[in-house]
Amino acid sequence: MTLTVPVSLRWLGDKPLVAMARIDVAALDRTFWDECTKGARVHEIVALDDMAIVPNRPRLSGQIFHMTRCGSTALLKQFAALDRTAVLSEPMIFLELLGQELPDQGLAALRTEKLMALFEAAFEPLATRLVVKWPTLLCRYASILQQAFPAAPAVFIHRNPIEVLASIEARPLGNVDNMAAKWRSAPQAEAPAAAESQLAGVAQLLGANCRWLTRTAGLRSVDYQRLPEAGWQHVAPHFKLELAPTDIERMMLASRFDAKQPSALYENDSAPKQRAASANARHLAETLIGPGLELALGVASPL
């Protein structure tokens with residue numbers, strides 16, 4: 001079976017156009033959305049502003065915001081194990097759309113809803129519900145996403161910042177060498193100072209992300225230490241997903257394996273991450289991420 005899905009965004013002046021392509025359903029087994037669509041050939045262009053939203057389609061059931069390297073992919077894999085449930089892992093096309101930062105937030109939200117409607121229509125042959133894990137940079141636009149999807153509950157997955165930076169020290173994030181200063185900026189704050197290193201720039205970004213989340217009402221939080229059990233015990237009910245005993249068994253089975261290395265068993269690696277973290281990572285975690293995370297957790301009550 002093939003699906004016709006959004007793969008990229010193009011602009012005709014200030015009008016967004018969505019490139020659509022066909023992919024085989026087997027491609028959905030890949031970890032990230034951009035991997036699912038890699039190499040797909042565009043066969044249709046949709047003018048987003050001209051699109052009508054079709055009622056009675058599969059609807060977005062839940063949204064996952066995250067710090068990165070915090071168990072969010074593992075959580076999404078739990079939902080992927082459920083019948084008639086589609087998942088989107090870090091669809092960067094939404095960042096392409098919202099990165100334009102329109103002064104009209106209502107128009108930005110409407111375009112975002114229409115773009116998601118294309119995904120919902122694409123997955124209709126397979127699913128009646130959809131869960132998305134946003135790219136971490138979309139924390140910056142969480143308030144717009146909330147406006148676009150008021151009925152889709154959201155969670156923020158967080159982890160001790162020292163452990164997050166220790167993971168990034170060991171395996172650096174991609175595509176951050178030429179990161180624009182705006183991604184490191186917090187709301188109502190001066191432009192950030194130039195980062196002294198790539199790791200410092202990432203720490204600025206993650207701290208800013210946390211501060212942007214403070215603008216989102218109704219956000220709930222989940223600590224990495226409460227995974228994987230929090231997935232079926234708390235997050236699924238928050239997303240209003242009714243789980244049968246067999247559903248919980250599927251989620252538990254999915255959580256046994258490493259989300260990014262399916263051949264390996266999952267294990268909590270907080271202790272080795274704490275041991276491996278450099279003095280620099282500890283300093284950046286305390287000064288650049290910690291204060292923002294504290295603010296985010298002050299508005300996002302734990303599940």
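Where is Pro228 found? Pro228 sits in the loop between S8 and helix H8 (229-238). One thing to keep in mind from here on is that this is a predicted model. The peptide bond that joins Leu227 and Pro228 is cis, with omega at about 5°. Both of those residues turn up again below, in the lining of the largest cavity.

**The parallel sheet**

Let's start with the sheet that S8 belongs to. It is an open sheet of six strands, paired in parallel, and the order is S5-S6-S4-S7-S8-S9. At the edges are S5 and strand S9 (301-302), each of which pairs on one side only. Further in, strand S7 (residues 154-158) and strand S8 (residues 220-223) are linked by four bridges in the parallel sense. If you want a spot to look at, Phe156 has Ser221 in S8 as its bridge partner.

Helix H11 (residues 279-299) packs on this sheet and touches S7, S8 and S9. The direction of H11 makes about 145° with that of S7.

H11 also has a helical partner. H7 and H11 pack with their axes 7 Å apart, at an angle of about 10°. Angles under 35 degrees count as roughly parallel, so H7 is roughly parallel to H11. On the H7 side, the contact includes Leu199, Ala203, Leu206, Cys210 and Leu213. Facing them from H11 are residues including Leu284, Leu288, Ile289, Leu295 and Val299. By class, the contact of H7 with H11 has 15 nonpolar residues, four polar and one charged.

**The antiparallel sheet**

There is another open sheet, this one made of three strands in the order S1-S2-S3, with antiparallel pairing. Strand S1 (2-12) and strand S3 (42-47) are the edge strands; each has a single partner strand, so one side of each is left without a neighbour in the sheet. From one strand to the next, the twist averages 30°.

S1 and strand S2 (residues 15-24) run antiparallel and are joined by 10 bridges. Thr2, for instance, has Asp24 in S2 as its bridge partner. Helix H4 (residues 105-123) lies across S1, S2 and S3, and runs at about 160° to S1.

**Pockets and cavities**

Now for the empty space. Here are the three sites with their volumes and the make-up of their linings.

| Site | Volume | Nonpolar | Polar | Charged |
|---|---|---|---|---|
| Largest pocket | about 1300 Å³ | 22 residues | 10 residues | 12 residues |
| Second largest pocket | about 460 Å³ | 14 residues | four residues | four residues |
| Largest cavity | about 80 Å³ | eight residues | three residues | no residues |

The largest pocket is lined by 44 residues, and those nearest its centre are Phe32, Thr68, Arg69, Leu173 and Lys260. Helix H1 (33-36), H2 and helix H7 (198-213) each give at least two residues to this lining. Arg69 is worth a second look. It lies in the loop between strand S4 (59-66) and H2, and its phi is near 55°, a positive value in a residue other than glycine.

The second largest pocket has 22 lining residues, with Leu28, Asp29, Arg30, Ala80 and Val87 nearest its centre. Two or more residues of this lining come from each of H1, H2 and strand S5 (85-89). S5 supplies the largest share, five residues. That is the S5 which is an edge strand of the six-stranded sheet.

As for closed space, there are three cavities of 30 Å³ or more. Which residues line the largest cavity? The lining is made up of Gly71, Ala74, Leu75, Gln78, Tyr224, Leu227, Pro228, Ala254, Ser255, Phe257 and Tyr266. Helix H2 (residues 72-80) gives the most here, with three residues.

**Pulling it together**

H2 comes up at each of these sites: it supplies residues to the lining of the largest pocket, to that of the second largest pocket and to that of the largest cavity. H7 likewise has two roles, as a contributor to the lining of the largest pocket and as a packing partner of H11. And the cis bond between Leu227 and Pro228 brings us back to the largest cavity, which both residues line.

Definitions and conventions: Residues are numbered from 1 along each chain as its sequence is written. This is a predicted model: local features need pLDDT of at least 70, side-chain atom pairs count only at pLDDT 80 or more; totals for chains, interfaces and linings use all residues. Side-chain values use heavy atoms; hydrogens and water are left out. On a 1 Å grid over the protein atoms alone, a cavity is a set of points where a 1.4 Å probe fits but cannot get out, and a pocket is an open set with protein on both sides within 12 Å along at least five of seven lines; lining residues have an atom within 4 Å of a point. Grid points are joined across faces, edges and corners, and a volume is the space filled by probe spheres set on the points. Ala, Val, Leu, Ile, Met, Phe, Trp, Tyr, Cys and Pro count as nonpolar, Asp, Glu, Lys and Arg as charged, and the others, Gly among them, as polar. Two strands pair if DSSP finds at least two bridges between them. Contact means heavy atoms within 4.5 Å. Axes are lines fitted to C-alpha atoms, for helices over the stretch in contact, and angles run from 0 to 180 degrees between N-to-C directions. Angles under 35 degrees count as roughly parallel, over 145 as roughly antiparallel, 65 to 115 as roughly perpendicular and the rest as oblique.
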